[in-house]
Each structure stands twice: as structure tokens, then as C-alpha cells.
Amino acid sequence: MDALQLIALIAASAVIAGVARRTAVPAPLLLVAAGLIASYVPGVPAYTLDPHIVLPLILPPLLHLAALDSSYLDLRANIRPVALLSVGYVLFATFAVGWLAYLLVPDLPLTAALVLGAVVAPPDAVAATAIARRLGLPHRITTILQGESLVNDATAITAYRVALAAVVGEGVSWLGGIGEFLLAAVGGVAVGLVLMVPIHWLRTHLRDALLQNTLSLLIPFVAYAAAERVHASGVLAVVVVALFLGHRAWQVDFATRLQEAAVWKMVAFILESAVFALIGLQLPYIVRKLGMYGVGEAALYAAGVFAAVVLVRYVWVFPAAFLPRLMSRRIREREPNVTWRTPMIISWAGMRGVVSLAIAFSIPPTLANGEPFPALNLVLFLTFTTVIGTLVVQGLTLPALIRVLKLPQPDPQALTLAEAQAQNQASSAAEERLETLLAEERNALPGPLVDRLRTALERRRNAPWERLGAVNPLTGESADAIYRRLAREMIAAEREVFVRLRDERRIDDEMMRTLLRRLDLEEAAAYRASD
């Protein structure tokens, strides 16, 4: 892939993802569909997924950002369902789907079928998070899906390596497979624990926001590479470091947080868009590689494997949701309101993604004795069709399922009330701190500046309460929304004057940029307040 092809892929993916934001179709689904169509358009170059790029270069930043946006406290509170899905379900799916594929496909060795099972076992982190947030799922379901998607890739990659070793003739035993799994898991967590404190120390002691953000971009790659270097799980190392940094993000300089949020949003947008488009673009390559299998025969096997993947998730999720509750009164008391609707949604939200394809593309074409890998082309095809099937079928029907099940939605008024109460406590503490500081001679300020501090504090205290108030009958806006809109209009008027003064050569460009930056910070504050 040359530079022009890469730029074209990124640009086209970004446009399609932008269009998706104006439609009811989640961006991952629209991007996959566009990739499928584009793959047969004359002149579109052939894009092939390279596992040596996807796993070490694309997966770490996406996992890092997902973990940064997750809540360590929420994940800890839901550690049981997260562990049952991210470890238990992936291992169960590896064996169950592999066994069903072995029964379904003639001449497919059991070891090769288990490789297929490990490849299609992990739901995709990006797809699950993007669709869950877009659909406004209840907070606990979103937390469980996020937690599962952060860890399940590590489980699947390790299970794949063990199954692959059995196929290629490296003589792996059950005991050896368990040992490799524990080494990868414990080693990945250990590497993350070793790295997280010094990395956080660097982030809190660097005073240059540009250096801090450069460090931020390097962190997931460093964590992944360090863990893989010692044959541990790079995925777990990335997740552990990111969860710690996200939990401690408030200790980092405000300028770094502002820049970091913008940078990572851009990185995630580009990578997620390109990844889902790449999935769709693989179709011609996969079909050409079918070899001895006809399209009709392969499609029949694909339907069977897709059905197995969907069914196996239900077989695991429902018992995992209710058996612990039946066996433990403590769990029943801690989770009193769990109904069948929650496991129903979690079971159906098992979309697969680029990690499955990347693992499949990393399967070696030959065994240790020089013979070809059994049914490799079919394994690639079944992986591709499973990924597309889950993204399209489950992704498109998930919104309808949520509407039919009538899951409880967060109450906006209750959320705003909680925000207002938290802000009121924080403002009271800030007011006490301000009065204490002003009592010291070294903090003496002119009266107008003191009034400005108190006005800003009062503004923050009142903003949430104003959103709870009555709306303007003409515009439907709250007083707080009108305030923000007028503030942005005033800033726009100031900006026009600065540009005009620059054009009239009454101020130079450097001064204009300084003045505009101040306005940009003011407008950014108003925009964030409206989110």
C-alpha cells in the first residue's frame, strides 16, 4: 500500500464516518457496507489487512483510548460479569464454536477448527463501545460490554497461539497451554503495573504540554511492545496502564488534558473509520482465496458458523448471569434488579471486528512438516463472513431489540440534579478556599478582580440548576443555553474585529493569533459546557 492509497483510504473513511453521524445507521456498519461496495468498484486498489500492522500498531491505541474512557471503579464493581465474559466466554466460545465447526465442515481437523474458534471468539472493542454509546444503553450494560472488550482480545490471542501450536506440530499439551495462558495474563498485568507509576510520574512532572502529549501517544505502543517482548499479553499491559492513567487524569496539567482529549479523539476517529472500511474491502481477496471450496458450499458453512457464534454466546451469557445469583445471596443483594433483558442485550451485542480478521490473516500458510495449513482459505472466509454477519445482522437489529425490550433509560433530570449537587459542594469548597486566600496580604487583589473570581464561581454553581429551570417558550432553550449561545455570538463579534484590525495593518498577525487563542479558549469552555 503506497502513501496515496493510504491517504485515499483515510479520507474516504472519514467522509463516510462523517455522513454516518447524520444518519440513524451506526458508523461501523456504514463503513463496512461502503468497503464491501468499494471492493468491487473498478480502479479501487486492493487493500489487505496486515496482522503485523493491525495488532501492534492499530489495536494498542484503540484499546488505550477505550480504557482511558472507562471507569476503573465501575469495572471493579462489575468484575464478576466482566471476567466471566472476557475470559470464561472467550475460552468457552473457542471450544464450542470450534467443535461445532469441526462437526459441520468435512475434512476440517479438530485442531484447525479450534483455531477458527479462537479467531472468532472475541467481540470487538470498537464496535461494542461505539454502538453501545450510540444507542444509549443503560450504564451497567455499557460498562460490562466495555470491560469485556478490553480484556477478551488478550484471552483470544493466547487461546489462538495455543491452538495454532497444536496444528503446526509444536507439541503443546493441555498443561503447557494453561501455563502459556497464565504467563500471558499474569505477565501482561505485571508489565502494566510496572509501567503505570513511572509513566504517570512523567506525565505529572513534564511541564510542556506538547511533550506530554507526545508521551501520551507513545504510551500504548511502549506498553504493548514491552509486554510482547517478554511473551506476555500486550493487550493487558495497555489496558492496565490506561485504566490507571485514566483514573489519575485529574492530576495532570489542564493544558495537557485539553490537548490530549482533542488529539486522541482525532486518532480514534481516523483509526476506527479506516479499520471498519478495511474490513469491507477484504471481500475480493477472501473470495479469491477460497480455492477448492465453491462459493455456495462455503456460504453454507458460513451460515452454520455464524449461527454457532450467536447461539454459543446465549448459551454462556444466560447461565453466567443467573447461576451466580442463585448460588450467592450476597450477589442477589448487590444486584437486585437483574432481569432477562440484560443478558438478552449482552448476548446480542457480540459483534466481531478487525482483531478477528487480523488474527486470521496471521495464520501461517504451512505446518512444521511443510504441508499446507488445513483449510486455511476456508478459515479466512468463515472469519470474514462471521465478522460481517455479526456487524450487519446484530448491529442493525440491536436498536430495534432495545426498543422492543424497553430498557430503562437514564433520567436527564436526575443526572442534571446530581451534577448540580456535586457542583454546589465543589463551589462551596472553592468559596471557602477563596476567602482564606484573600485574607492573606500576599493575595491582595483589586476589587473588580475579586468580583470577577466570585462571579465566575457563582456562574459555575448556577449553571446546572439553570438547566433544570423553565425553557424559553420561543426557542425551547433554557436560560443557561441562551447564555452560552449569546456568549458565543459575542466572541464571534470580537473575532471579526480582530481579523479586520489585522487586515487594516493596525495589529500584526502574531498579536491577532494571541488574541484569537484567548477567544478560542473562551469558546471551547462554552462549547464543553453545552455537551
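**Notebook: loops, salt bridges and a cavity**

I began with R505, which lies in the loop between α21 and α22. The model I am reading is a predicted one, and I keep that in mind for every entry below. The phi angle of R505 came out near 65 degrees, a positive value in a residue other than glycine. I then asked whether R505 is buried or exposed. Its relative accessibility is 60%, and since the cut-off for exposed is over 50%, R505 counts as exposed.

**A second positive phi**

I looked up A375 next, which also has a positive phi, about 55 degrees, although it is not a glycine. A375 sits in the loop between α17, residues 354-361, and α18, residues 376-405. Its relative accessibility is 17%, and as buried means under 20%, I entered A375 as buried. My two loop entries therefore carry opposite labels, with R505 exposed and A375 buried.

**The chain as a whole**

I stepped back to the overall fold and noted 22 helices and 0 strands in the chain. The radius of gyration is 26 Å, close to the 24 Å that the globule rule gives for 531 residues, so I wrote the chain down as being as compact as a globular protein of that length. For the outer dimensions, I noted that the C-alpha atoms fill a box of roughly 85 × 65 × 50 Å along the principal axes. Buried residues make up 45% of the 531 residues. I also looked at how far along the sequence the contacts reach: of those with a separation of 6 or more, 79% are between residues 24 or more positions apart.

**Salt bridges**

How many salt bridges does a search of the whole structure find? The search finds 12, and I went through some of them by residue.

The bridge between D520 and R495 has its closest N and O atoms 3.4 Å apart. This pair links distant parts of the chain, with D520 in helix α22 (residues 509-529) and R495 in helix α21 (residues 479-503), 25 residues apart. Both partners fall in the middle class of accessibility: D520 is partly exposed at 41%, and R495 is partly exposed at 22%.

E440 forms a salt bridge with R442, and here the closest N and O atoms are 3.1 Å apart. I noted E440 as partly exposed, with a relative accessible area of 30%, whereas R442 is exposed at 69%.

R502 and D503 form another salt bridge, with 2.8 Å between the closest N and O atoms. D503 counts as exposed, its relative accessibility being 51%. I also recorded that E431, E458 and R461 are joined into one network by salt bridges that share partners.

**Cavities**

Rolling a probe the size of a water molecule over the atoms shows where empty space is left. I found 3 cavities of 30 Å³ or more in the structure, and the largest holds about 170 Å³ of space. Which residues lie nearest the centre of the largest cavity? They are P81, V317, A320, A321 and I346, out of 15 residues that line it. The elements giving two or more residues to this lining are α5 (79-104), α8 (139-168), α14 (295-327) and α16 (341-348). Sorted by class, the lining has 11 nonpolar, 1 polar and 3 charged residues.

**Two leucines**

I closed with two leucines, taking L65 before L453.

L65 is in helix α3, which covers residues 51-68. With a relative accessible area of 15%, below the 20% cut-off, L65 is buried. Setting aside residues up to four places away in sequence, I found that L65 touches W264 and A268. I also looked up V267, which is 202 residues from L65 along the chain, and the C-alpha atoms of the two are separated by 9.3 Å.

L453 lies in helix α20, residues 447-468. Its relative accessibility is 41%, so I entered L453 as partly exposed. Leaving aside neighbours within four places in sequence, L453 is in contact with L434 and L445. For a long span I paired L453 with R76, 377 residues away along the chain, and found 39 Å between their C-alpha atoms.

Notes. Residues are numbered from 1 along each chain as its sequence is written. This is a predicted model: local features need pLDDT of at least 70, side-chain atom pairs count only at pLDDT 80 or more; totals for chains, interfaces and linings use all residues. Side-chain values use heavy atoms; hydrogens and water are left out. A salt bridge is a side-chain nitrogen of Lys or Arg within 4 Å of a carboxyl oxygen of Asp or Glu. Buried means under 20% relative accessible area, exposed over 50%, partly exposed in between (1.4 Å probe, protein chains only). Helices (H or I, at least four residues) and strands (E, at least two) are DSSP runs, numbered from the N terminus. On a 1 Å grid over the protein atoms alone, a cavity is a set of points where a 1.4 Å probe fits but cannot get out, and a pocket is an open set with protein on both sides within 12 Å along at least five of seven lines; lining residues have an atom within 4 Å of a point. Grid points are joined across faces, edges and corners, and a volume is the space filled by probe spheres set on the points. Ala, Val, Leu, Ile, Met, Phe, Trp, Tyr, Cys and Pro count as nonpolar, Asp, Glu, Lys and Arg as charged, and the others, Gly among them, as polar. The radius of gyration is taken over C-alpha atoms; the globule rule is 2.2 Å times the number of residues to the power 0.38. Contact means heavy atoms within 4.5 Å.
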